[in-house]
Structures are given as C-alpha cells and as structure tokens.
Amino acid sequence: MSNKISAVNADGISEPFAAETAPLEVFSQGERFGSSFRHLSSFGGGDHVGVALEELAPGKESNPSHYHMLEEEHAYVLEGALTLRLGARAYVMKAGDYVCFPAGQKVGHSLFNHTDAACRYLIIGERNPNDVIVYPESGRVSVRLTGEGYSTSATMDYWEGIDSSSAGA
C-alpha cells in the first residue's frame, strides 16, 4: 500500500490510482453496526461526488435506516450478497445488482449482510452541504450544514413562541 495521502500530484492533477491505495477506514458502533471503507473520491481529489468502496462483514448493518432530503445516493454490489432494507420491505442484492435512492424519497434504507461472507459494494452520492437526513427508526433529523441533530418529536408550529399581539415590542 502506498503512503500517499491522495492521488493528486505535485502539479495539482488528479492521477489514476488502485482503489486499495486509498486509506482503509473502519467504522463500528456496538454489535449491530460496522463496515470498512475507502473514500475513493476524496483520495482522488473529488469533492462534489462521493464514491466509497465499502465492505460489510457478516451479520453487520451499514448504518441506521435513513433517507436524504436533498442528496441522491446509489449502491452497486461488487462481490457477495446483502439485504437491502427499504422501508418495510427487504430485498436480497448480489454481485451486479444496483439500487438508487433518489433525494426526497421518504423511505429509510440500510444494508445488512445476512450471509457468512463479506460483501463489497460501491456507494455513490452527492456531497450536498445543505442535506437533511431523516432516521425513521430513532426519529433523528440531521442537518449537515450545522452538524446538528434534532428529534422529530420536538416539532413546532410556525407561530409557536412568537408574540403577535403588538408590533415593535
């Protein structure tokens, strides 16, 4: 593996690279969630489109079920198989299968490896700095621009907390 921090050369030009050259990152949260991934787009010098080569170990889920209000996401299975959880439905996906999660599609999605072998896939998505991500299982709403998360149970009426009795008060 190379010790390079990116595929951008000294002249600022993005050069081709082997995917395994990009740094391997590992994510884990409890026993349920975890994956390893390589941010190919970042390593390659890109910042508008996100591409990650991910590997999901047997029995692991990629992330909490979620959907994006402003950002489109795609997944393409390269090796192995997994279960796509899409709202109340489940779909087995295998090498060569592809799925798109359009922005604003209000159905949560997550990937779960139901097999006894690792599954490798590409995740492709926009890097919209204004995206809002909704997590139906927990009721969390994440606002990427502020880096904050809120509970959907804490909603407010438009005029709630506003004194409308007099002007200029």
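**Exercise 1. Is Gly44 buried or exposed, and what surrounds it?**

*Solution.* Start with the accessibility: Gly44 has 15% relative accessibility, so Gly44 counts as buried. Here buried means under 20% relative accessible area, exposed means over 50%, and partly exposed lies in between (1.4 Å probe, protein chains only). Before going on, please note that this is a predicted model, in which local features need pLDDT of at least 70, side-chain atom pairs count only at pLDDT 80 or more, and totals for chains, interfaces and linings use all residues. Residues are numbered from 1 along each chain as its sequence is written, and side-chain values use heavy atoms, with hydrogens and water left out.

Next, place the residue: Gly44 belongs to helix 1 (residues 40-44). Helices (H or I, at least four residues) and strands (E, at least two) are DSSP runs, numbered from the N terminus. Then list the neighbours: leaving aside those within four places in sequence, Gly44 is in contact (heavy atoms within 4.5 Å) with Ala7, Val8, Ser14 and Phe17.

**Exercise 2. Find the residues with the most contacts inside the largest nonpolar core, and the strands that each supply at least two of its residues.**

*Solution.* A nonpolar core is a set of buried Ala, Val, Leu, Ile, Met, Phe, Trp, Tyr and Cys residues joined through side-chain atoms within 4.5 Å. The largest one has 13 residues, and Leu82, Leu84, Met93, Val99, Phe101, Leu111 and Tyr121 have the most contacts inside it. At least two residues of this core come from each of strand 5 (73-79), strand 6 (81-86), strand 8 (98-101) and strand 10 (119-126). Another core, of five residues, lies apart from it and includes Ala22, Leu40, Phe43 and Leu53.

Now look along strand 8, where the side chains alternate: Val99 and Phe101 point to one face and are buried, whereas Tyr98 and Cys100 point to the other and are not. Strand 8 pairs with strand 5 in the antiparallel sense over four bridges, and Val99 in strand 8 stands opposite Ala75. Two strands pair if DSSP finds at least two bridges between them.

**Exercise 3. Work out the strand order of the open sheet of three strands, and which strands stand at its edges.**

*Solution.* The order is 7-6-9, with antiparallel pairing. Strand 7 (89-94) and strand 9 (109-112) are at the edges with a single partner strand each, so one side of each has no neighbour in the sheet. For one of the pairings, six bridges join strand 6 to strand 7, and Thr83 has Val92 in strand 7 as its bridge partner.

**Exercise 4. How many disulfides does a search of the whole structure find, and why is there no bond between Cys100 and Cys119?**

*Solution.* The search finds zero disulfides, a disulfide being a pair of cysteine sulfur atoms within 2.5 Å. The closest cysteine sulfur to that of Cys100 is in Cys119, 18 Å away, which is too far for a bond. As for accessibility, Cys100 is partly exposed at 30%, while Cys119 is buried at 0%.

**Exercise 5. Where is Asp131, and what does its side chain make a polar contact with?**

*Solution.* Asp131 sits in the loop between strand 10 and strand 11 (132-135). With 0% relative accessibility, Asp131 counts as buried. Its side chain makes a polar contact with the side chain of His68 (2.5 Å). A polar contact is a pair of N or O atoms within 3.5 Å; within protein, one must be able to donate a hydrogen and the other to accept it, and residues adjacent in sequence count only if both atoms are side-chain atoms.
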